[in-house]
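Trainee: I would like a close look at one part of this model. Please start there and then set it in context.

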Amino acid sequence: MRLRPGTLLRGWETVRDPAFGHRLVVWLLRPASGPWHAVALAVVLGIAVSTSLRENWGSDNAFVVKAAQTLLGGGSPYEDKRFLYLPSAVIMAVPEALLPQPVLRWVLPPAMSVLLAVGWWAALRLFSVPARSRFAVGGFAALALAYKPYVNLVLIGNWTAISAAALPMALLFAHRRSWAAAGLVVGLAIACKPMLVPIGLLFVLARQWRGLAVAVLVPLGVSLLGALMMPSPTLFVTKTLPFLLRGQDAYALPWDASPIAVLPRLGVPEPVAVLLTGAGALGGLVAAWRRWRRTDGPGDADGGELRLAETACMVMLAAFLVSRPSFDHYLLVVLPLLLASAVRPGSMPRSPWFWLALTPQVALVPWPSELAHKRRAFKDCATLCGLAIMLVRRALRSVRVTLDPVTTAGSPPRTEPECAATPAESASRTAF
């Protein structure tokens, strides 16, 4: 059921100028006009076309396509040490392997944009934001234009875009009590790229064992099918997994935003970096558990959408802290959900610290040349850690409670004692 802007605004916190905030939110949630749609479409198509025309265009999934071509030629995909995905990914990559390079050059960039748009749409629907609103249309255009990892992902054509579309879609199904459908979406995404494996913890926290079983069995079944079709599938265990657990090699190091890789580059001993990052990831998982259990805090009276989204994002950010490698475009898996949550009271985008954490990724900021190219991982790590710290702080904060009425023997009942008095409602409770 589509909610009116007034319904979304009800219960929003008051700021210094509530009248201005109310007008701003009402304006953002109104339907976007034709020029808004035209500008947003021009931005997205312009990025896709300019990407296809760039001389340095190259699919980051070239090793997956090569693996599929190797399978079609009768070889083992795991002879290539850089093919790090499950056997199911080989089957998923066959259609891409059948297309010639010139076609991929023009098909992949708009396909990446469509997948990211699907993730943005699902995140909006999770929070009951109209898909034709100014917030929806202008927000996606601003994300494409200002957030540099968006352009990077469109350029390299990585399958991270599949996870970016799948996570909000799975949460939308979960919120509608269709956990089996959510598990199917997560399972198909894992079959392509095992990025959403940590989301299995969300099914555990929700005790949705049927959905968890679907999320596990789908990639497992497709992987078994792929293993039966290829020679020497055991190379995945004997060659690929050890290479992956070592964090790959120096090839991926300059772009690896994981603190385990970044801190040693800044002079921190590697054992200390591993210890600090492991503690941070463990704290993130504890925070996700605490956030899931907290159902009576500010912002949870909206039906649990914020609780669901923040728990999932916390699980993913905790995984990104310790995964090797972690690239800048990984954050596009959680960012649409966090941005769409701005329509809920107490959400992260209401804090200026959220935007400060995203500053290193703003495309128009003239950063020093030392932080470009092979040192950009420092900026990516700062954003990753900043968002993780903010979510941990929000999850572990104390929850305000309302005391029940108190009576004593021999005294009449008091329905509103002084200790539980309800403050007078302000003239306007709605603000951005």
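Which helix is Leu396 found in, and what surrounds that part of the story?

Mentor: Leu396 is found in helix 20 (residues 377-396). Helices here are DSSP runs of H or I with at least four residues, strands are E runs of at least two, and both are numbered from the N terminus. First, the ground rules. This is a predicted model, with residues numbered from 1 along each chain as its sequence is written. Local features need pLDDT of at least 70, side-chain atom pairs count only at pLDDT 80 or more, totals for chains, interfaces and linings use all residues, and side-chain values use heavy atoms, without hydrogens or water.

Leu396 has a relative accessible area of 37%, so it is partly exposed. That label lies between buried (under 20%) and exposed (over 50%), with a 1.4 Å probe and protein chains only. Leu396 joins Leu282, Leu285, Val286 and Trp289 in a nonpolar patch on the surface. Together they have about 440 Å² of accessible area, by the Shrake-Rupley method with a 1.4 Å probe, only the protein chains shown counting as cover for residues. Patch members have over 30% relative accessible area and no salt bridge (Lys or Arg side-chain nitrogen within 4 Å of an Asp or Glu carboxyl oxygen). Nonpolar side chains (Val, Leu, Ile, Met, Phe, Trp, Tyr) are joined within 5 Å, like charges within 9 Å. Helix 16 (residues 270-293) gives the most to the patch, with 4 residues. As a rule, an α-helix has 3.6 residues a turn, so residues three or four places apart point the same way.

Now the other end of helix 20. Ala377 is one of the contacts (heavy atoms within 4.5 Å) of Asp256. Asp256 is found in the loop between helix 14 (235-245) and helix 15 (259-265). At 1% relative accessibility, Asp256 is buried. Its C-alpha atom is 5.0 Å from that of Pro325, 69 residues apart along the chain. Ser323, Arg324, Ser326 and Phe327 are also among the contacts of Asp256.

Inside, the largest nonpolar core has 88 residues. A core is a set of buried Ala, Val, Leu, Ile, Met, Phe, Trp, Tyr and Cys joined through side-chain atoms within 4.5 Å. Helix 17 (residues 305-322) gives the most to this core, with 11 residues.

Last, the whole. The protein has 20 helices and 0 strands. Of its 432 residues, 48% count as buried. About 20,800 Å² is exposed, and carbon and sulfur atoms supply 66% of it.
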